[in-house]
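This report is written for a reader who is meeting the structure for the first time. It is concerned with salt bridges and with the surroundings of the residues that form them.

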Amino acid sequence: MRIAVLGGTGDEGLGLAMRFADAGHEIVIGSRSRERAEAAAEQVRAAATGAKASSAENAAAALTADIVFVSVPYAAQRPTLEPLKATLAGKVVVTVVVPLSFGKGGPQAETVPEGSAALEAQAILCSSRVASAFHNLSAHELQRLDQPVDCDVIVCGVDRETRQTVIDLAASIPGVRGIDGGPLSYSRYVEDLTALLLALNRRYKTETGIRITGLPVPIPA
Ligand SMILES: NC(=O)c1ccc[n+]([C@@H]2O[C@H](COP(=O)([O-])OP(=O)(O)OC[C@H]3O[C@@H](n4cnc5c(N)ncnc54)[C@H](OP(=O)(O)O)[C@@H]3O)[C@@H](O)[C@H]2O)c1
């Protein structure tokens, strides 16, 4: 599977790229800058033995990929996706975007007119198969390739087939259990939970994640 990560120069996108490359997928790092993309691709090749990682500007990265991840700050999601509407038509597009603000009161979930970052992405990309996932998985944990991840990944998506594609991809990361979170209307709850996890990280000086109990799907060893 050829996976593009738009904004793959940032911590979260880079971590996802490293994990997917480590799982044997072909990666193309997307960026507004070809040079920054290539520097990040070099980091992926250095981190994951035998990694197939290349680089391109966002539009070119999106064009050649089977699945496209969007890993940019919330304010950048619309300007990143709008010019790519035609390029991304028919493709699975996974947004990991969390609308957050960081004020005196700690991390807070931001209100989005469409209801969530995922619903905003689907409204822009009406001909793409949009999913949302990985909101609750920290970049630092993703980038530590020597350790399995201790986190469930809740996948919301436009239809069951799209969700299953992303669940399977998530499960290619050691320790990750992909969970079907249902339609995109549920993504807001997963996105908002990230604000709480970040506040807990600050309070307990650690990296938190989530595990859902009671599901008939075993947690990977
Ligand atoms: N960090 C985490 O642990 C974590 C965990 C879960 C979810 N998330 C979510 O994942 C997304 C990415 O997180 P991150 O920490 O990697 O973010 P980041 O480092 O702030 O940004 C990621 C990349 O987005 C691009 N970008 C930044 N501003 C932009 C703009 N105005 N217009 C277009 N592109 C812009 C940049 O790439 P170029 O300059 O190379 O184009 C940047 O390297 C966020 O929505 C975040 O909430 C993060």
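What follows describes some of the salt bridges in this predicted model.

A search of the whole structure finds 10 salt bridges, and three of them are set out in the table, each with the distance between its closest N and O atoms.

| Acidic residue | Basic residue | Closest N and O atoms |
|---|---|---|
| Glu82 | Arg78 | 2.9 Å |
| Glu161 | Arg129 | 3.7 Å |
| Asp150 | Arg211 | 3.1 Å |

In the pair formed by Glu82 and Arg78, Glu82 has a relative accessibility of 43% and counts as partly exposed, while Arg78, with a relative accessible area of 30%, is also partly exposed.

The salt bridge between Glu161 and Arg129 links distant parts of the chain, for Glu161 belongs to helix H7 (residues 160-170) and Arg129 to strand S8 (residues 129-132), with their positions 32 residues apart in the numbering. Glu161 counts as exposed because its relative accessibility, 57%, is over the 50% cut-off, whereas Arg129 is partly exposed at 26%.

Asp150, the partner of Arg211, is found in the loop between helix H6 (139-143) and strand S9 (151-157), and Arg211 is found in the segment after helix H8 (187-204), so their salt bridge ties together parts that are 61 residues apart in sequence. Arg211 is partly exposed, its relative accessible area being 26%. This pair also belongs to a wider arrangement, since a network of salt bridges links Asp150, Asp152, Arg177 and Arg211.

Conventions:
Residues numbered from 1 in each chain as written. Predicted model: local features only at pLDDT ≥ 70, side-chain atom pairs only at ≥ 80, totals over all residues. Heavy atoms only, no water. Salt bridge = Lys/Arg side-chain N within 4 Å of Asp/Glu carboxyl O. Buried < 20%, exposed > 50% of the residue type's maximum accessible area, 1.4 Å probe, protein only. Helix = DSSP H or I, 4+ residues; strand = E, 2+ residues; numbered from the N terminus.
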